[in-house]
Amino acid sequence: IRHSVSSYSGKVDGGIGKLKIGGQYVSTCSNRKMCYYWTKDYMQWGNFSFYEKILSAYAEYNGRFNPKLCFSIGGRYEYTWTEGIIGTNISDVIHGIRYGHFFPSLLVEYKTKANHSIKWSLGSRIIRPNIINLNPDTLCIDAYHFSTGNPNLKPTTLYKATIGYTYRGILNVDFYYAYLRNRMA
């Protein structure tokens, strides 16, 4: 099995006062080539290329209610499109999925003079499927087990609420609740 991944990205950041804005583009190509024998009479081979492109824009504002209480509010929008090619035939293109997501975030922090800090945050992020889960070729794991991926798998969205305590920037304790929407099956 020969697997190669190439990724290119570009990012632009800027800001005006307490407002930070930016954008990012990421392009990833993953190629997987297989050729191996299970028995003297059985050989498996296959090529699968997977392309993923992500375009995102984000903004964040940091402020203070008073010297001890500060906050950060922001959001990120990502648009993703994917494509897969089985073998070397351009006619075997798997038109993947296209989707956009908005990920808001909020953080409130209270600091005391005695080096104590309490934080509360809400946020979300995306968990994308791995190329192995997307590869539609049948892969022999051993003589009795085979695996086939689904190129139309959609990502999972993770929502997380966290309450945290920090002492002198050394001791950190977090309690969180996470909810997965559209869990990959």
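**Exercise 1. The chain**

Which pattern does the protein chain follow, read along the sequence?

Solution. This is a predicted model: local features need pLDDT of at least 70, side-chain atom pairs count only at pLDDT 80 or more, and totals for chains, interfaces and linings use all residues. Residues are numbered from 1 along each chain as its sequence is written, and side-chain values use heavy atoms, with hydrogens and water left out.

- Step 1. Take the elements: one helix and ten strands. Helices (H or I, at least four residues) and strands (E, at least two) are DSSP runs, numbered from the N terminus.
- Step 2. Read them in order: β-β-β-β-β-β-α-β-β-β-β.
- Step 3. Add burial: of the 185 residues in the protein chain, 30% are buried. Buried means under 20% relative accessible area, exposed over 50%, and partly exposed in between (1.4 Å probe, protein chains only).

**Exercise 2. Aromatic pairs**

Find how many aromatic pairs the structure holds, and describe the one formed by Tyr61 and Phe71.

Solution.

- Step 1. The count is four. Rings of Phe, Tyr and Trp (its six-membered ring) pair if their centres lie within 6.5 Å; planes under 30 degrees apart count as stacked, over 60 as edge-to-face and the rest as tilted.
- Step 2. Tyr61 and Phe71 are 6.0 Å apart, centre to centre. Their planes make 40°, so the pair is tilted.
- Step 3. Tyr61 sits in strand β3 (residues 43–66) and Phe71 in strand β4 (residues 69–86), ten residues apart.
- Step 4. Tyr61 is partly exposed at 37% relative accessible area, whereas Phe71 is buried at 18%.
- Step 5. Another tilted pair joins Tyr79 and Trp81, with 5.5 Å between centres and 40° between planes. Tyr79 is partly exposed at 29%, and Trp81 is partly exposed at 24%.
- Step 6. Ring pairs also link Tyr61, Phe65 and Phe71 into a cluster.

**Exercise 3. The largest pocket**

Which elements give two or more residues to the lining of the largest pocket?

Solution.

- Step 1. The space in the largest pocket is about 160 Å³. On a 1 Å grid over the protein atoms alone, a pocket is an open set of points where a 1.4 Å probe fits, with protein on both sides within 12 Å along at least five of seven lines; lining residues have an atom within 4 Å of a point. Grid points are joined across faces, edges and corners, and the volume is the space filled by probe spheres set on the points.
- Step 2. Among the lining residues are Tyr58, Gly74, Arg76, Phe103 and Ser124.
- Step 3. The elements are β3, β4 and β5 (93–111).

**Exercise 4. Two buried threonines**

Place Thr80 and Thr157, and give a partner for each.

Solution.

- Step 1. Thr80 lies in strand β4 and is buried, at 0% relative accessible area.
- Step 2. The side chains of Thr80 and Arg128 share a polar contact of 3.3 Å. Such a contact is a pair of N or O atoms within 3.5 Å; within protein, one must be able to donate a hydrogen and the other to accept it, and residues adjacent in sequence count only if both atoms are side-chain atoms.
- Step 3. Thr157 belongs to strand β9 (residues 156–167) and is buried at 2%.
- Step 4. Ile127 is 30 residues from Thr157 in sequence, with 6.3 Å from C-alpha to C-alpha.

**Exercise 5. A positive phi**

Where is Arg168 found?

Solution.

- Step 1. Arg168 is in the loop between β9 and β10 (171–181).
- Step 2. Arg168 is exposed, at 52%.
- Step 3. Its phi is positive, about 55°, although Arg168 is not a glycine. Most residues other than glycine have a negative phi.
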